[in-house]
Every structure is written in C-alpha cells, then in structure tokens.
Amino acid sequence: MSAVTEQRERRDVSTAQELPAEERARMERAFSVPRARFLIAIPIAILLLLWSFDGAQFNFAKLGEGSANMVEFVGRLFPPDFSKIGTILALLLETFQMAVVGTVLGAVLSLFVAFAAASNIAPKWLYYPARWVMNIIRAVPDLVFALMFVSAVGLGPFAGILAMTLGSIGSIGKIFAEAMESVDRGPMTAMEAVGASKRQVVQYGVLPQAAPLLVSYTLLLFEGNVRGATILGLVGAGGIGLELTTAMRMYDYGHLSAIIICIIVLVTLIDQGSALIRKRIT
C-alpha cells in the first residue's frame, strides 16, 4: 500500500471520528425511498407513460407488421459495394477533421461559458444569463445552425464546424458547469480564508478537481461530433453526410452499405481510443 493511500485512509478515519454520531449514522444508512411517495409515484409514472404512448402513436402491432419491410431493406444493403472506397475514405477523413476542429473550438468556448454558468464561481447577475443562453442554444437543433452557417459562409465543412462549435456550447457547456459545481467545497473555502483571489480559487481549487470530468466529457463531445458531422452533411455542411444522402436518393444500396460500414468502423475506433484515454485519467 502506497504512502498516499495510507494518508488518505487515515484522513477518512479521522474525519469519520470527528462526525457526530447522528450524522455518521445517517451517512452509513442505506439509501431508501420513502414508501408513501414511492407508491404514489408508480401509478403516476405509469399513467404518464401510457399517455405518452398514446400521444406519440406508438404501436407495437404496426411495428410487427413493418418488420418484414425492415428485413427487406437490410437485405438490400448486402453485398456492400466498395468500388468507391477512395471517395468514402476522403469524406470520412474530412468528417474526422471537422469533428476535431469543432470539438477543440467547442470545448474551449464551452469552458469559458461554464465559468459563467457555475453557481459556485459566477455571481448571480452572470449565472442566470449564461444559463439562459445555453438553454436557447440547446433548444435549437444543430441542423438549423448548419443551415444558418451554410447561408452565411456557403457549402462545405467550414459551415459544419461552426454549427458543431455553437451547438457544443449549449450541450457540453452545461455539463462542464455542473462538473465544476460538483467539486469539493473544502479546498475553495480554505483558499478564500487565506485571501486567495477568485482566479486563484478557480485555477487551484476548482479546475484540478474537475479536470478528469472535463477531459472525459470532451472526449464524449468528440465522439458525438463525429456522428453529428455525418448528419450535418445532409444540408451541405461538409463531411460524408451528403454522399450518404445521395446514395439513399439514388437507391445505390451497395454504396450506402459501404458508407455505413466505414462510419461504424471509424466510430468504433474513436470509441475504443476514448475509452483508453478515460481509463488513464480517471
């Protein structure tokens, strides 16, 4: 056992000894759901689910009837046609590059917005406007942003990168802010007690604790941007999405199957690489 682990165990033991008996008993108790609230919540949840099924016209019978058509569609995808593999790989590379640039720009801007949207860092006059801005951005689909930037800068990957960057602020910015809000308040209080400035509190008290989560969420954003870039291409914002749409419209199922297989391979490789990085930082 390392010295760091021994010190941590001693600190945990001393902290537990300092706690009052009632507080220690409360923390050691297993989590339990209040019985009355639980019994009331179950029928409410079931009614809400049934109401949603009815409103959304979810029909298991129709799904069963259409399963034959789905099997027929999947059957058309085989065998895949890799005769245009050069074009597919070039567009996949463009999609990957879009995701890299969009993730870096989005993560950096989201970090700045997160400082303004974290309740334990930002003042109230800054906290609420930052949250409202992120809510507005998050409510607008990325395709709408892509259409807006396509009309502004023209067709191509640049419009897709701008759309991914702006969309990231609404989604990952909120997660960054919540990661900062979840840090241990103790180090921040200690630094404020000895006269540390706000910048020092954030730099040495918040960021070191939140850094593993921030990196993990950035990797998750990158994975999402790779998949999102394939969708943005549908409106001419670069990437392989336009080629995918063209293959579907031309009923070129072999080419469509080859594109899908290549996308799956790329996403799987990125997922495995992200998992290895997350394992090393957590």
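Hi everyone. Let me start with a definition: a residue is called buried under 20% relative accessible area, exposed over 50%, and partly exposed in between. By that rule lysine 174, at 26% relative accessibility, counts as partly exposed. Please keep in mind that this is a predicted model.

Lysine 174 brings me to the salt bridges. How many salt bridges does the structure hold? There are four, and I'll walk you through some of them.

Lysine 174 has glutamate 178 as its partner, and their closest N and O atoms are 2.6 Å apart. Glutamate 178 is partly exposed too, at 36% relative accessibility. Both residues sit in helix H8, which runs over residues 157–181, and since they are four residues apart, about one helical turn separates them. For anyone rusty on helices, an α-helix has 3.6 residues a turn, so residues three or four places apart point the same way.

Helix H4, residues 60–76, has a salt bridge of its own kind to show you, between arginine 76 and glutamate 72. The distance there is 3.0 Å, N to O. Again the two are four residues apart, with about one helical turn between them. Arginine 76 is partly exposed at 40%, and glutamate 72 is partly exposed at 43%.

Next comes glutamate 192, which bridges to arginine 185 with closest N and O atoms 3.4 Å apart. Glutamate 192 has a relative accessible area of 35%, so it is partly exposed. Arginine 185, at 39%, is partly exposed as well.

Now let's turn to helix H6, residues 124–139. Its 16 residues should span 22 Å at 1.5 Å a residue, and the end C-alpha atoms lie 23 Å apart, which agrees.

Which residues of H6 are buried? They are Tyr127, Ala130, Arg131, Met134 and Ile137. Looking down the axis of H6, you find these buried residues within an arc of 125 degrees, so they line one face of the helix. What do they pack against? Their neighbours are helix H5 (85–117), helix H7 (142–153) and H8. H8, you'll remember, is the helix with lysine 174 and glutamate 178.

Go round to the face of H6 turned away from that buried side, and you meet the exposed residues Lys124, Trp125, Trp132, Ile136 and Ala139. Lysine 124 deserves a second look: its charged end sits over the ring of tyrosine 127, 5.7 Å from the ring centre. Here an exposed lysine meets the ring of a buried tyrosine.

Rings are my last topic. The structure holds eight aromatic pairs. In one of them, phenylalanine 53 and phenylalanine 58 have ring centres 5.0 Å apart and planes at 50 degrees, so this pair is tilted. The rings of phenylalanine 58 and phenylalanine 60 have centres 4.8 Å apart with planes at 85 degrees, so that pair is edge-to-face. Why edge-to-face for one and tilted for the other? Because planes over 60 degrees apart count as edge-to-face, under 30 as stacked, and the rest as tilted.

Together, ring pairs link Phe53, Phe58 and Phe60 into a cluster. How open is each member of the cluster? Phenylalanine 53 is partly exposed at 31%, phenylalanine 58 is partly exposed at 43%, and phenylalanine 60 is exposed at 59%.

That's my tour. Thanks for listening!

Note on methods:
Residues numbered from 1 in each chain as written. Predicted model: local features only at pLDDT ≥ 70, side-chain atom pairs only at ≥ 80, totals over all residues. Heavy atoms only, no water. Salt bridge = Lys/Arg side-chain N within 4 Å of Asp/Glu carboxyl O. Buried < 20%, exposed > 50% of the residue type's maximum accessible area, 1.4 Å probe, protein only. Expected span 1.5 Å × (residues − 1). Arc of directions from axis to C-beta. Contact = heavy atoms within 4.5 Å. Phe/Tyr/Trp six-rings, centres within 6.5 Å; stacked < 30°, edge-to-face > 60°. Lys NZ or Arg CZ within 6 Å of the ring centre and 35° of its normal.
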